[in-house]
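Good morning, and thank you for making time for this item. Please look at the sequence and the structure as they come up on the screen.

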Amino acid sequence: MDIKSGHSSPVMTDSPQISNSRLTVRQSRLPPYSSATAVSQNNNLLLTVPRKKTGIIDDVKANAWLDAMIASSPTPAIVNKDNISSSDATTDMTYREWTVKYPSALTTFEKIMSVAKGKRIALFLDYDGTLSPIVEEPDAAYMSSDMRTAVQNVAKYFPTAIISGRSRDKVYEFVGLSELYYAGSHGMDIMSPAGESLNHKHLSRTVSINEQGKDVNLFQTASEFLPMIDKVFCSLVESTKDIKGVKVEDNRFCISVHYRNVEEKNWTLVAQCVDDVIRTYPKLRLTYGRKVLEICPVIDWDKGKAVTFLLESLGLNNCEDVLPIYVGDDRTDEDAFKVLRDGPNHGYGVLVSAMPKVSNAFYSLRDPSEVMEFLKALVTWKRSLG
Ligand SMILES: O=P(O)(O)OC[C@H]1O[C@H](O[C@H]2O[C@H](CO)[C@@H](O)[C@H](O)[C@H]2O)[C@H](O)[C@@H](O)[C@@H]1O
């Protein structure tokens with residue numbers, strides 16, 4: 001993330017290396033790419049990306065990688081209310097100034113609901129950092145039972161989907177509510193609630209059986225990449241095995257290489273290992289999230305496309321009386337915020353962040369506990385309508 005200069009308050013931008021996470025790779029932050037183009041076609045999802053020239057990370061590029069990796073998940077200062085220091089006070093003031101542009105969805109709740117009145121709300125929720133707090137160990141990112149109840153209640157009133165970078169199975173295991181829609185692998189693996197049929201005019205579905213023996217519909221936009229992803233996963237596990245703290249996570253259609261628990265002096269090594277492996281795979285792209293490098297197929301699909309797909313499948317697209325709301329905390333959620341801000345399905349993105357950030361969202365919430373308050377407020381509001 002860049003700290004924008006010339007601002008009285010430092011605001012992090014989320015565009016260090018990828019101005020559009022699907023299309024344009026900025027030279028300054030990613031390994032060297034030439035103007036040669038790789039093309040992938042899958043279910044008519046055509047995408048072009050600039051390709052790597054040599055794949056070699058030189059010193060300059062390594063530094064750029066490092067900047068991006070260091071900045072990818074700042075730890076917000078913990079403010080002790082009884083003993084507030086001047087830098088804490090500045091941080092707090094900066095945050096309050098930022099909320100003028102991205103108002104809190106809690107303090108402006110009445111305003112949001114005045115827009116929602118007479119409309120059907122469709123709710124989209126990211127998982128990590130939104131429903132569960134960010135923790136050191138990715139496999140331990142549990143959701144609290146209070147949060148689960150809040151999600152369960154809200155889903156009684158509004159169609160609700162979980163949209164995550166994780167594999168669909170993993171995020172389902174964490175959330176454990178069969179009445180929701182799930183989109184894993186950054187939206188590339190979509191599942192309907194148990195027993196509910198989902199149709200889309202362009203994408204074909206497969207029918208599967210869930211663990212309760214009920215039918216679920218699956219829409220998988222990157223199936224042809226599975227053998228490649230499996231191979232790359234094994235290569236990444238092997239190539240990073242001697243770097244202490246690295247965790248390579250199989251997200252089915254995508255791979256996450258976590259460096260949160262790697263000593264900072266070894267972060268360029270992590271980047272180098274990843275680059276060494278994926279340089280020979282022009283159909284894969286690399287981006288990053290919160291202390292994680294993400295490897296995904298080059299297809300024109302992301303969380304924003306998944307939101308549009310779900311709205312279309314549910315017959316909720318282009319409807320004046322529908323208000324989609326998407327709550328998320330990470331770079332990949334920006335694609336969904338943008339779709340709701342600029343697309344035909346006008347709605348609100350809500351960014352979960354304790355730090356000022358430039359975003360395509362309209363509103364903000366500080367952390368998962370505020371997300372839970374927001375979900376409860378939605379339920380209370382809906383019930384009050386009778
Ligand atoms: O789209 P999301 O649901 O937000 O998933 C994005 C990635 O989240 C997970 O990693 C992040 O959370 C971990 C647990 O708090 C944390 O340890 C890690 O540093 C974060 O990057 C998940 O493990 C990834 O696979 C997801 O892609």
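Let me begin with a question: does N345 count as buried or exposed? The model before you is predicted, and in it N345 has a relative accessibility of 7%. The cut-off for buried is under 20%, so N345 counts as buried.

Where does this residue sit? N345 belongs to the loop between helix 9, residues 333-342, and strand 18, residues 348-352. Its side chain reaches the backbone nitrogen of N318 at 2.5 Å. Setting aside residues up to four places away in sequence, N345 touches T308, L311, L316, N317, N318, P324, V339 and L340.

I turn now to the sheet. Strand 18 is one of nine strands in an open sheet with mixed pairing, and the order reads 11-12-10-9-8-7-17-18-19. At the edges stand strand 11 (206-209) and strand 19 (363-365); each has a single partner strand, so one side of each is left without a neighbour in the sheet. On average, neighbouring strands of this sheet are turned by 25° against each other, direction ignored.

Within that order, please find strand 7, residues 120-125, and strand 17, residues 322-328. These two pair in the parallel sense, over six bridges. I121 stands opposite L323 of strand 17.

Next, the nonpolar cores. The largest of them has 60 residues, and the members with the most contacts inside it are F124, L236, V257, V270, L293, I295 and L310. Helix 7, residues 267-278, provides the largest share of this core, with seven residues. Another core lies apart from it and has 43 residues, including A105, M113, L125 and M143.

I295 merits a closer look. Leaving aside neighbours within four places in sequence, I295 is in contact with L236, C254, I255, V257, V274, I278, L284, R285 and L286.

Three of those partners, L236, V274 and I278, bring us to a pair of helices. Helix 6, residues 226-239, and helix 7 have axes that come within 10 Å and cross at roughly 145°. The crossing of helix 6 past helix 7 is right-handed. Which residues make the contact? From helix 6 they are V232, S235, L236 and S239, and from helix 7 they are C273, V274, V277 and I278.

To close, I would return you to two residues: N345, which is buried in its loop, and L236, which takes part in the helix contact and is among the residues with the most contacts inside the largest core. Thank you.

Key:
Residues are numbered from 1 along each chain as its sequence is written. This is a predicted model: local features need pLDDT of at least 70, side-chain atom pairs count only at pLDDT 80 or more; totals for chains, interfaces and linings use all residues. Side-chain values use heavy atoms; hydrogens and water are left out. Two strands pair if DSSP finds at least two bridges between them. Helices (H or I, at least four residues) and strands (E, at least two) are DSSP runs, numbered from the N terminus. Axes are lines fitted to C-alpha atoms, for helices over the stretch in contact, and angles run from 0 to 180 degrees between N-to-C directions. A nonpolar core is a set of buried Ala, Val, Leu, Ile, Met, Phe, Trp, Tyr and Cys residues joined through side-chain atoms within 4.5 Å. Buried means under 20% relative accessible area, exposed over 50%, partly exposed in between (1.4 Å probe, protein chains only). Contact means heavy atoms within 4.5 Å. A polar contact is a pair of N or O atoms within 3.5 Å; within protein, one must be able to donate a hydrogen and the other to accept it, and residues adjacent in sequence count only if both atoms are side-chain atoms. A crossing is left-handed if the near helix is turned anticlockwise from the far one by less than a right angle, and right-handed if clockwise.
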